[in-house]
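Open the model in your viewer and keep the selection tool at hand. We will go from stop to stop, with a selection to make at each one.

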Amino acid sequence: MSTINENYDAQVTQVEHATGLDESLHPKNDKDRTVKPKDYIFMWIGDGVNLGNMTLGASVIVAGVATLNIFQTILAALAAIAIISTVFALNDRLGYKKGIPYVVQLRMSFGIKGTVISSLLRGIPAIVWYGIQSWIGGTALNEIAKIVTGGSFDNIFICFVALQVVQIVLSLFGFHAIKWVETIASVVFMVGLIYVFGILMSNYSTEIAQNWVQAKGSWGLPFFGLIMVFLGNYAGIFVSAADYSRELKTGLSDKKRGALYFLPITLSYGFVIVIGAMLASATGITNPAQALPIVIDNPYISVGVSAFIVVTVIATNMVANIIPPVYVITMLTKLKYKPSAIITGLLALCAFPWLLIQESSATGLNMFILIYSAFLGPVISILLVEYYILRKQRVDVADLYNEDGPYAGYNPAGLLAMLIGAASAFLVVDLAWIIGVVVAGISYYLLSKFAFKGSSFKKGTIFEK
């Protein structure tokens, strides 16, 4: 272990002399890693429980008719979670071993300047979703205020701003805040989910059986399409897996880290998807925020449900929508972590989420999701091909931080492969993620091998001469 620590210290020393980046983007030493395996489990449980994931489960019920039955839904969910966990464990390895964040990992495939483009594909959507999630949380907080004040207070915008201020303050503490927020949230989540599950089973078992359990469903495109939607929903998170694994205590095998993803995601994500489908089949409403009050018709319990939504919003944002864009802003502006966290929170305020979630904005928002998701599949594919095939897991960390080194400028092979993969993803929208992954990975390998001879990005790869 002492040898590992010495290597880490040597890397950090080299980095400090080679870059002007804030220390939050420097490689993490073992002594600076504060997240234990149990904290990691709570983190992913906290992230998995949100209304967005519940809506995915509800999406199998269209106009009261199930496109998938219970067995098909659960099998699709398990298949997606298995793939998600595998990709997580593969892509988090560089961050785990070397302690570097996602924005630095991108440099080996896209170049220091090219990373600006690829990092924004993760940062901008995260900021938009930060705002959307916060608006949903502000709406729930307003419901609590209305019930408590007997209707005398009713102002969603004030609640939204107040919640955003709380999240900005929490984000200033980085992963130190995430640990305890997610631990508390995870307990609240599971209690809330079990309660809702009990109500549904007690009062709506007949409707659920008729509309979902006993439905014929499909083993065709709807089944595989749902798997792709699940993967697309996690595309932004596992592409930046290094941002999380660099905080995890060292000494864990790849299999154990894979389990740290599979178990909590199955527990939370799987449970939420099932409840979403149960809600939709019981009420005929696919929006969980509207379906829950029908199932739970009690003002006191409604306060608890609204509080549950507020906590899920904070938990989801802390993991998925705050840390990644903060690192992007820190890299692009050379600011320190805390100012970047404040800017990220303010940008989420300026995303006008109250406009994005309106019915009239649904088409535009869906198109936005489709476009950025089409790029994130190719990005993860390129990173995996780079690390495992082209570099055989051998990466000089000091070079990644050297702005005049082999990764300076743009890597045309990476950028071109990303565009080819994204373009191919639109050929069959329902299978966009897997098509983009396969095409981009093959394109990157072939371009790296046959094109751009003399490129400095071939240094250290199997194609170096």
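## First stop: a salt bridge

Select Asp399 and Lys459: the two form a salt bridge, with their closest N and O atoms 3.7 Å apart. The pair joins distant parts of the chain, since Asp399 sits in helix H20 while Lys459 belongs to the segment after helix H22 (432-450), 60 residues apart. Show the surface here. Asp399 counts as buried because its relative accessibility is 14%, where the limit for buried is under 20%. Lys459, at 41%, counts as partly exposed. Please keep in mind throughout that this is a predicted model.

## Second stop: Lys334 and Glu403

Next, select Lys334 and Glu403, whose side chains meet in a salt bridge at 3.5 Å, N to O. Lys334 is in the loop between H16 and H17, and Glu403 is in the loop between H20 and helix H21 (412-425), so this pair ties together parts of the chain 69 residues apart in sequence. Are these two side chains buried or partly exposed? Lys334 is partly exposed, with a relative accessible area of 39%, and Glu403 counts as partly exposed at 32%.

## Third stop: a salt-bridge network

Now select Asp92 and Arg257, and draw the distance between their side chains: they meet in a salt bridge of 2.8 Å, N to O. Asp92 lies in the loop between helix H4 (70-91) and helix H5 (93-98), whereas Arg257 is in helix H14 (residues 254-283), which puts the partners 165 residues apart. Both ends are hidden from the surface: Asp92 is buried at 0% relative accessibility, and Arg257 is buried at 1%.

Add Arg93 and Asp254 to the selection. Together with Asp92 and Arg257 they are linked in a network of salt bridges. For the whole model, the count comes to 10 salt bridges.

## Fourth stop: Val239 and Phe88

Select Val239, in helix H12 (residues 221-239). Val239 counts as buried, at 0% relative accessibility. Then add Phe88 and display the C-alpha atoms: those of Val239 and Phe88 are 7.9 Å apart, although 151 residues separate the two along the chain.

## Fifth stop: the second largest pocket

How many residues line the second largest pocket? There are 23, and to centre your view you can select Glu23, Ser24, Lys28, Glu247 and Tyr337, which lie nearest the pocket's centre. The space inside comes to about 510 Å³. Colour the helices that each give at least two residues to the lining: helix H1 (2-18), helix H10 (175-203), helix H16 (299-333) and helix H17 (337-349). If you colour by residue class instead, the lining of this pocket shows 8 nonpolar, 6 polar and 9 charged residues.

## Sixth stop: the cavity

The whole structure holds 1 cavity of 30 Å³ or more. The volume of this largest cavity is about 100 Å³. To find the largest cavity, select Asn411, Ala413, Ser448, Phe457 and Lys458, the residues nearest its centre among the 14 that line it. H21 and H22 are the elements that give two or more residues to this lining, and H22 provides the largest share, 3 residues. By class, the cavity lining has 9 nonpolar, 4 polar and 1 charged residues.

## Seventh stop: two backbone angles

Go to Phe352, in the loop between H17 and helix H18 (353-356). Check the backbone: Phe352 has a positive phi of about 50°, although it is not a glycine. Phe352 is partly exposed, with a relative accessible area of 45%.

Then move on to Lys392, in the loop between helix H19 (362-390) and helix H20 (397-401). Lys392 is not a glycine, yet has a positive phi of about 50°. Lys392 is partly exposed, with a relative accessible area of 45%.

## Last stop: a nonpolar surface patch

Finish by showing the surface and selecting Val116, Ile117, Leu120, Ile124, Leu332 and Tyr410: these form a nonpolar patch with about 480 Å² of accessible area together. Which helix gives the largest share of the patch? Helix H8 (residues 114-148) does, with 4 residues. One residue to click on is Ile124, which lies in helix H8. Ile124 counts as partly exposed, at 43% relative accessibility.

Definitions and conventions:
Residues numbered from 1 in each chain as written. Predicted model: local features only at pLDDT ≥ 70, side-chain atom pairs only at ≥ 80, totals over all residues. Heavy atoms only, no water. Patch = residues over 30% accessible without salt bridge, like charges linked within 9 Å, V, L, I, M, F, W, Y side chains within 5 Å. Areas by Shrake-Rupley, 256 points an atom, 1.4 Å probe, with all protein chains shown as cover. Salt bridge = Lys/Arg side-chain N within 4 Å of Asp/Glu carboxyl O. Buried < 20%, exposed > 50% of the residue type's maximum accessible area, 1.4 Å probe, protein only. 1 Å grid on protein atoms, 1.4 Å probe; cavity = no way out; pocket = protein on both sides within 12 Å on 5 of 7 lines; lining within 4 Å. Points joined across faces, edges and corners; volume = space filled by probe spheres on them. Nonpolar A, V, L, I, M, F, W, Y, C, P; charged D, E, K, R; others polar.
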